Amino acid sequence: METKSRTLEITVLSAEGLRIDNKPVKKNAYVVVSVDPFNNKATKVDGEGGSYPSWNDKLVMEMPLQTRFITLLVKCKGSRGEKTVGLARIPVTDFVGGYSPATCLQFLSYRLRDPKGLKNGIIKVSLRVKEPLQDCSSQAAAGGGGNAAMIGLGIPIDGRRDYGMVTGIPIWTGYPSNSLF
């Protein structure tokens with residue numbers, strides 16, 4: 001079964017140096033996280049942090065495989081309605097396909113830009129991609145014989161050939177075999 005999305009776990013930690021019209025934000029800042037125009041979630045409102053809000057809100061979202069950017073939009077609720085404080089776009093390549101696995105928790109900071117494109121603070125997030133089981137090795141997980149739980153990845157270090165091949169990946173089965181693949 002092929003999946004068309006991944007589960008993204010993003011924690012919006014905090015921000016610093018937020019301003020509206022060159023004045024420090026007093027309170028009621030929150031963040032809207034978008035992975036596409038139809039899929040967005042918001043953090044709770046920080047009523048006390050002012051220009052240095054702290055949310056520590058974990059949001060779990062489905063991220064389509066074709067997603068290129070995640071958008072973080074910082075807004076502020078006031079007596080005259082909502083105002084946009086700043087925006088940051090996170091390239092998916094910053095946490096998928098790099099030197100560390102996508103499933104590892106990563107802490108990232110990004111510069112916010114106000115509606116005029118000027119620098120307006122920094123936002124800090126942590127994120128990880130939670131891969132579904134069938135993406136790892138769907139044939140091994142759904143394999144016959146009911147031994148899927150006994151399969152582990154590895155290559156024998158003593159040179160023996162007691163491992164099998166499943167989808168081209170050496171899989172150590174834990175059972176010696178006399179045949180060479």
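Colleague: Which residue stands opposite V33 in β7?
Modeller: This is a predicted model. β4 and strand β7, residues 69–78, pair in the antiparallel sense over six bridges. In β7, the residue standing opposite V33 is L72.

Colleague: And in β5, what is the bridge partner of V33?
Modeller: Strand β5 covers residues 39–42 and pairs with β4 in the antiparallel sense over four bridges. The two strands form a hairpin with two residues between them. The bridge partner of V33 in β5 is K41.

Colleague: How many of the eight residues of strand β4 are buried?
Modeller: Strand β4 runs over residues 29–36 and pairs with β7 as well as with β5. The strand is mostly covered, and the count of buried residues among its eight is seven.

Colleague: What does the protein chain contain in helices and strands?
Modeller: From the N terminus on, the order of elements is β-β-β-β-β-β-β-β-β-β-α-β-β-β. Counted up, that gives one helix and 13 strands.

Colleague: What share of the residues in the protein chain is buried?
Modeller: The protein chain has 181 residues. Its accessible surface comes to about 11,300 Å², and 55% of that belongs to carbon and sulfur atoms. Of the residues, the buried share is 36%.

Colleague: Among contacts between residues at least 6 apart in sequence, what share joins residues at least 24 apart?
Modeller: One example of a distant pair is I123 and A15, which touch and are 108 residues apart in sequence. Among contacts between residues at least 6 apart, the share that joins residues at least 24 apart is 55%.

Colleague: Is I123 buried or exposed, and at what relative accessible area?
Modeller: I123 lies in strand β10, residues 119–130. Beyond residues up to four places away in sequence, I123 touches a list of residues including V12, S14, V31, L72, V74, A88 and L108. I123 is buried, with a relative accessible area of 0%.

Colleague: How far apart in space are I123 and A15, C-alpha to C-alpha?
Modeller: In sequence the two residues are 108 apart. A15 is one of the residues that I123 touches. C-alpha to C-alpha, their separation in space is 4.2 Å.

Colleague: How far does the backbone oxygen of F95 lie from a polar atom of the side chain of Q106?
Modeller: Q106 is found in strand β9, residues 106–113, and is buried at a relative accessible area of 12%. Among the residues that Q106 touches are D94, F95, S100 and V125. From the backbone oxygen of F95 to a polar atom of the Q106 side chain, the distance is 3.3 Å.

Colleague: Why does the salt bridge of E9 and R128 tie together distant parts of the sequence, and how many residues apart are they?
Modeller: The side chains of E9 and R128 meet at 3.1 Å, N to O. E9 lies in strand β1, residues 5–16, and R128 in strand β10, so the pair ties together parts whose separation in sequence is 119 residues.

Colleague: At what relative accessibility does E9 count as buried?
Modeller: The cut-off for buried is under 20% relative accessible area. R128 counts as partly exposed at 26%. E9 falls under the cut-off and counts as buried at 9%.

Colleague: At what N to O distance do the side chains of E9 and K130 meet in a salt bridge?
Modeller: K130 counts as partly exposed at 40% relative accessibility. The E9 and K130 side chains meet in a salt bridge with an N to O distance of 3.5 Å.

Colleague: With which residue does K83 form a salt bridge?
Modeller: The closest N and O atoms of this pair are 3.7 Å apart. K83 lies in strand β8 and its partner in the loop between β2 and β3, so the pair ties together parts 62 residues apart in sequence. K83 counts as partly exposed at 39% relative accessibility, whereas the partner is exposed at 57%. That partner is D21.

Colleague: How many disulfides does a search of the whole structure find?
Modeller: C76 is buried, with a relative accessible area of 9%. C104 is partly exposed at 34%. Across the whole structure, the number of disulfides found is zero.

Conventions
Residues are numbered from 1 along each chain as its sequence is written. This is a predicted model: local features need pLDDT of at least 70, side-chain atom pairs count only at pLDDT 80 or more; totals for chains, interfaces and linings use all residues. Side-chain values use heavy atoms; hydrogens and water are left out. Buried means under 20% relative accessible area, exposed over 50%, partly exposed in between (1.4 Å probe, protein chains only). Contact means heavy atoms within 4.5 Å. Accessible areas come from the Shrake-Rupley method with a 1.4 Å probe; for residues, only the protein chains shown count as cover. A disulfide is a pair of cysteine sulfur atoms within 2.5 Å. A polar contact is a pair of N or O atoms within 3.5 Å; within protein, one must be able to donate a hydrogen and the other to accept it, and residues adjacent in sequence count only if both atoms are side-chain atoms. A salt bridge is a side-chain nitrogen of Lys or Arg within 4 Å of a carboxyl oxygen of Asp or Glu. Two strands pair if DSSP finds at least two bridges between them.
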